[in-house]
Structure formats: C-alpha cells, structure tokens
Amino acid sequence: MKAEIGFEIERAKEILKSGGLVAIPTETVYGLAANGFDGQAVARIFLAKNRPNFNPLILHVADIGAAKSLTKDWPPLATRLAEAFWPGPLTLLLPRSKKVPDLVTAGSPLVAVRMPSHPLALSLLATLDFPLAAPSANPSGYISPTSPQHVFEQLGDQIPYILDGGHTTVGIESTIIGFSEEGAALLYRLGGQDIAAIEAITGPLAPAKKENHKPATPGRLERHYAPLTSFELGKIDQLIPQFKEKRIGILSFSKERPNVDSVHQRILSVDGDTVEAAHNLFRMMRELDALDLDVILAEKAPDQGLGPAINDRLHRASYDSRI
Ligand code: TXA
Ligand code: MG
C-alpha cells in the first residue's frame, strides 16, 4: 500500500467508518486518525506508529457538546477554557465517560479531548458520528509532521489516505491542561496555546504531578521529537569549536553564524518571534536531519510566548537515551 494524498473528505470518511486509518491536518501537527469508539481501529494506530500502548491518545471533536459527551465531569473552568480557545491548540484532560475505549486512555480514568482549528479537520469531524483518536502522525519518538509530505515519507506504506491541509500553521502540538480534585487547572504539556493567555483565565498554573502523567513509566519517553542525527542543545558559539572536525548543522533561534556554511543552517525566526519559530521548528529539524550531518547544534528560545514550549521540544530532542 502507498498512501494517496488528496482533499476528499468523503474518501477519508469512508475509510474511517470502515475502521481504517487516515492522516488528518490540524493547526498544530498532522494526526494519525481512527474511529475513537472502535478499539480495533485504535489498535491499528499503535501498530502503525510503533507506539507503546501505555501512551494514551487525544480524542478530536467538532464542538464542545461532543467533547462533554466523552467525559463524566466537566468543571466550569473547562467551559471557560474551551470557549476561549476552541477551536485551537488546547487539549483538556477530564474524567472519561464509559463510552471511551480503554485503549484510548491507556486504562487511565482521564480522557484527553480537543477541538482542532483546521477547516478540513472540522468539516470531516462534523460529518462523523464518532470522535477521532489521533496522535501525531510520526513514528513513535521521531519529529512530528507539519506537512502531508512528512507523513507520506514515514507512514506512507501503512495508511491508505492523507488528507491534504497544507503546512500546519501553529507547528507544535497542543498545550494540555487538566484539573485537580479541587477544580484548579494543572499544566500537563507546554504547547501551541501560550501559557500567559491560559493563566489570564485560570490564574497561575501548577505543573501536574509526575505520577498523574501517562505514561507512568519514568524516563521512557524523555527522548522524543528527536531527529536521527545527534542533537546538542546549548550555546551555539561555544559548541562550534568543540565539533571542529565534524560536519555540523545549526538550528539557530534568530541569527546566522558567519563561520558555518549557510546551507547547513536554519533560523527559526529572523525577527525573534516565538510564534514564527514554533511554526518552523519541526520542518527545520527535519531539513537538517536530511543533510547527513554529524551533529546538529541548537540553542534555546527566549522564555516568553511559545519559547518554553519550543524549549521543551528541543530538550527532548537532545536527550541522550544512552546515558
Ligand atoms: O496537537 C496535538 O495535540 C496533536 C494533534 C494531532 O492533535 N496530537 C498529539 O498527540 O500531539 P500525541 O499522541 O502525539 O500526544 C498526546 C499527549 C501524549 O503525551 C499523551 O501521553 C498525552 O497527550 N495524553 C493523552 N491522553 C492522556 C490521558 N488520558 N492522560 C494523560 N495524558 C494523556
Ligand atoms: Mg506525538
């Protein structure tokens, strides 16, 4: 099988209804979607991605009502967040309804729900009478895809259809927010919805405790979003002399280095804009990864706007699983 890339919502719908997989665009990254009520269809996602089955999936819906119907409890703060940010790059973690298959939540009592802001995804969801379970459409651990071509290159042999929504706009995955027993908002994952806007509604966000995270197995997924090329995060100008004999690539936040071949450099945002940098991050990581370099040197984004979410991805990409 080799995936087709196209714009046909009807085609996507037929495949999904019969239990198959379709890659779908969202504003964050492409998702690998299946009928979220069909345990067998969901199992195919884990197989195609080679994803450990203790790592749960987000359910995508067309509106707030559909999200509520997947949950058992829906605190008032969830309504305020959904009304403020949906459709958009925010995922809410809430107690699950019995309708949700165990495999979707990896046995957790919580389910992750989100209404994506992409016209094609929303049109598709509106024609379905089930939610779409969809993780990012990359092999487990690799960089998330931000274009249909990225999906095709890595999962093209495993799925029949990729719905073409062009390049994603936001470029990094959704921010994930859950709630404490007292109803306070907790931060589970930094992402495309910046924290300052969320905190304007919730007040200061506390990080979710490690034991509430899925997967619970410590350390298993610390290396993530990772290119195949060795990836070093630090002060680029100090790192360059350490790799003198090597073919190096540069993933810079905003400025070009005059002493390195510009073909081997990518600049996330010449204007130093963290939203533009997030949009470019995964595409540029893939481009550098394709250049057959010995090492990619990267530096952190400033700690504002989407900077912390970008830095989270950079840290995981540089995490050395051998030590
Ligand atoms: O922007 C996004 O969120 C993209 C697009 C496709 O929607 N999706 C995405 O899915 O990033 P994925 O599977 O690559 O990452 C989802 C994260 C995982 O880290 C997973 O552990 C967490 O959400 N998650 C999902 N359900 C959960 C649950 N019930 N409890 C705790 N964490 C959960
Ligand atoms: Mg992912």
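Q: Is Asn-50 buried or exposed?
A: Happy to start here, with a note that this is a predicted model, where local features need pLDDT of at least 70, side-chain atom pairs count only at pLDDT 80 or more, and totals for chains, interfaces and linings use all residues. Residues are numbered from 1 along each chain as its sequence is written, chains are lettered from A and ligands numbered from 1 in the order in which they are written, and side-chain values use heavy atoms, with hydrogens and water left out. Buried means under 20% relative accessible area, exposed over 50%, and partly exposed in between (1.4 Å probe, protein chains only). Asn-50 has a relative accessible area of 64%, so the residue is exposed.

Q: Near what value is phi of Asn-50?
A: Asn-50 sits in the loop between helix 2 (39–49) and strand 4 (58–60); helices (H or I, at least four residues) and strands (E, at least two) are DSSP runs numbered from the N terminus. Most residues other than glycine have a negative phi. Asn-50 has a positive phi, near 60°.

Q: Which residue in the loop between helix 10 and strand 15 (295–298) has a positive phi?
A: The residue is exposed, at 62% relative accessibility. Its phi is near 60°, and it is not a glycine. In the loop between helix 10 and strand 15, this is Asp-292.

Q: What is omega for the cis peptide bond between Trp-86 and Pro-87?
A: Most peptide bonds are trans. Pro-87 is in the loop between helix 4 and strand 5. The bond joining Trp-86 to Pro-87 is cis, with omega about -10°.

Q: What kind of aromatic pair do Trp-74 and Trp-86 form?
A: Rings of Phe, Tyr and Trp (its six-membered ring) pair if their centres lie within 6.5 Å; planes under 30 degrees apart count as stacked, over 60 as edge-to-face and the rest as tilted. Trp-74 and Trp-86 have ring centres 6.4 Å apart and planes at 65°, so their pair is edge-to-face.

Q: How many residues apart are Tyr-225 and Phe-282?
A: These two form a stacked aromatic pair, 5.8 Å centre to centre with 15° between the planes. Tyr-225 lies in the loop between strand 11 (206–207) and strand 12 (230–233), while Phe-282 belongs to helix 10, and the distance along the sequence is 57 residues.

Q: What is the relative accessibility of Phe-282?
A: Its partner Tyr-225 is buried, with a relative accessible area of 6%. Phe-282 counts as buried too, at 0%.

Q: How are helix 10 and helix 11 oriented to each other?
A: Helix 10 (residues 274–289) and helix 11 (residues 307–318) pack at about 20°, with axes 9 Å apart. Axes are lines fitted to C-alpha atoms, for helices over the stretch in contact, and angles run from 0 to 180 degrees between N-to-C directions. Angles under 35 degrees count as roughly parallel, over 145 as roughly antiparallel, 65 to 115 as roughly perpendicular and the rest as oblique. Helix 10 and helix 11 are therefore roughly parallel.

Q: Which residues of helix 6 make the contact with helix 1?
A: The axes of helix 1 (residues 9–17) and helix 6 (residues 119–127) come within 10 Å and cross at roughly 50°. Contact means heavy atoms within 4.5 Å. Helix 1 contributes Ile-9, Ala-12, Lys-13 and Leu-16, and helix 6 contributes Leu-120, Ser-123, Leu-124 and Thr-127.
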